[in-house]
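Grab a pencil and work through these short exercises. Try each task yourself before you read the solution.

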Amino acid sequence: MDYIVVTIFPEMFSPFWDHGIVGRAIKEGKITAGAVTPRDFTEDRHRTTDDRPFGGGMGMVMKPEPLAGTIRFAKSRLPEAQSILLTPQGRPFDQQMAVSLASLGALILVCGRYEGVDERVGESLIDLEVSVGDYVLTGGELAAMIVMDAVTRLVPGTLGGEGSAQEDSFSNGLLEYAQYTRPRIFEGQKVPEVLCSGNHKAIEAWRRENALIRTFLKRRDLLIKRGLKPEERKILQKWYRDIEQLLKDQPLSGSDPLPGGQ
Ligand code: 9D3
């Protein structure tokens, strides 16, 4: 995978490209990454990349000519690349989009700043507009890093010993099961016994059940979107029966549910 980022803040990317799994993928030649800046494609003495919006209003807009020059330069370096504009108006980024972008050989990631980018740049030079979620950032740079981070770990050979991207939560539509490491008791809280048992069948079953229950409790939307496998219906039915049994055994008794009562 090859990336070129178009940004007026190229320095923001060095720490991201120098560290972690992305840093290692670059060092090992699994991916390449570089930044180009519209400042280098300006003509005026002050190297201006922004201007006032036609029609008035607050804030500034990125001028089209320096941005277009930069994107054309990036395309000359990566002729096969898809060009992506990071913008709050874009299609919401998710794991499925990460998988489809990872199958492309090259991406040009265009980061807006100020109040946005002149609309005419998008019309001619951009293949896809992407947003990373419904919250307001100060520019597209962090969004570009999110996209590169999620895509890079899907490139074959980049995860090393850290497990396959196919085992990810989200690729199976569920959240990850709970994880524990030593010590076996931390501040009075025990690690679930089965995980220390060495019984791999039982451990796998516990993890499947834990992932399902956690998804039900924390992200019901994911379960509804994905549906339930027959074995998962069985697990939820077992929990349902256990809860019913508990309610029968303890009719309207027991301590107050909340501190202070109600
Ligand atoms: C006056 C309207 N502006 C502020 C509400 C619109 C606006 C312009 C530019 C809001 C944010 C930005 C900068 N954000 C991005 O460039 C961006 C972004 C985001 O803010 N949220 C989620 N995904 C993305 S991708 C790029």
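**Exercise 1.** How many Å separate the centres of domain 1 and domain 2, taken over C-alpha atoms?

*Solution.* Start with the bounds: domain 1 covers 2-152 and domain 2 covers 185-249; such bounds come from an automatic or database domain assignment. Next, take the centres over C-alpha atoms: they are 42 Å apart.

Before you go on, know that this is a predicted model, where local features need pLDDT of at least 70, side-chain atom pairs count only at pLDDT 80 or more, and totals for chains, interfaces and linings use all residues. Residues are numbered from 1 along each chain as its sequence is written, and side-chain values use heavy atoms, with hydrogens and water left out.

**Exercise 2.** Find out which residues are closest to the ligand, and what kinds of residues surround it.

*Solution.* First, count the shell: 16 residues surround the ligand, where near means that a heavy atom lies within 4 Å. The closest are Glu 115, Val 132, Gly 133, Tyr 135 and Leu 137. Then sort the shell by type: nine residues are nonpolar, six polar and one charged. Finally, look at the strands (DSSP E runs of at least two residues, numbered from the N terminus). Strand 5 (82-92) and strand 7 (128-131) each give at least two shell residues, and strand 5 has the largest share, with three.

**Exercise 3.** Track down which atoms of the protein lie close to nitrogen atoms of the ligand, using the polar contact rule (a pair of N or O atoms within 3.5 Å).

*Solution.* Begin with a side chain: Glu 115 puts a polar side-chain atom 2.9 Å from a ligand nitrogen. Now try the backbone: an N or O atom of Val 132 is 3.0 Å from a ligand nitrogen, and a polar backbone atom of Tyr 135 is 2.8 Å from one. As for cover, the protein hides 75% of the 570 Å² of accessible area that the ligand has on its own (Shrake-Rupley method, 1.4 Å probe).

**Exercise 4.** Hunt for backbone oddities: where is there a cis peptide bond, and which non-glycine residue has a positive phi?

*Solution.* Recall the usual picture: most residues other than glycine have a negative phi, and most peptide bonds are trans. Step one: the bond joining Arg 182 and Pro 183 is cis, with omega about 5°. Step two: Arg 47 has a positive phi of about 55°, and Arg 47 sits in the loop between strand 2 (32-36) and strand 3 (50-51).

Note on methods. Near = heavy atom within 4 Å. Polar contact = N/O pair within 3.5 Å; in protein donor to acceptor, adjacent residues only side chain to side chain. Helix = DSSP H or I, 4+ residues; strand = E, 2+ residues; numbered from the N terminus. Nonpolar A, V, L, I, M, F, W, Y, C, P; charged D, E, K, R; others polar.
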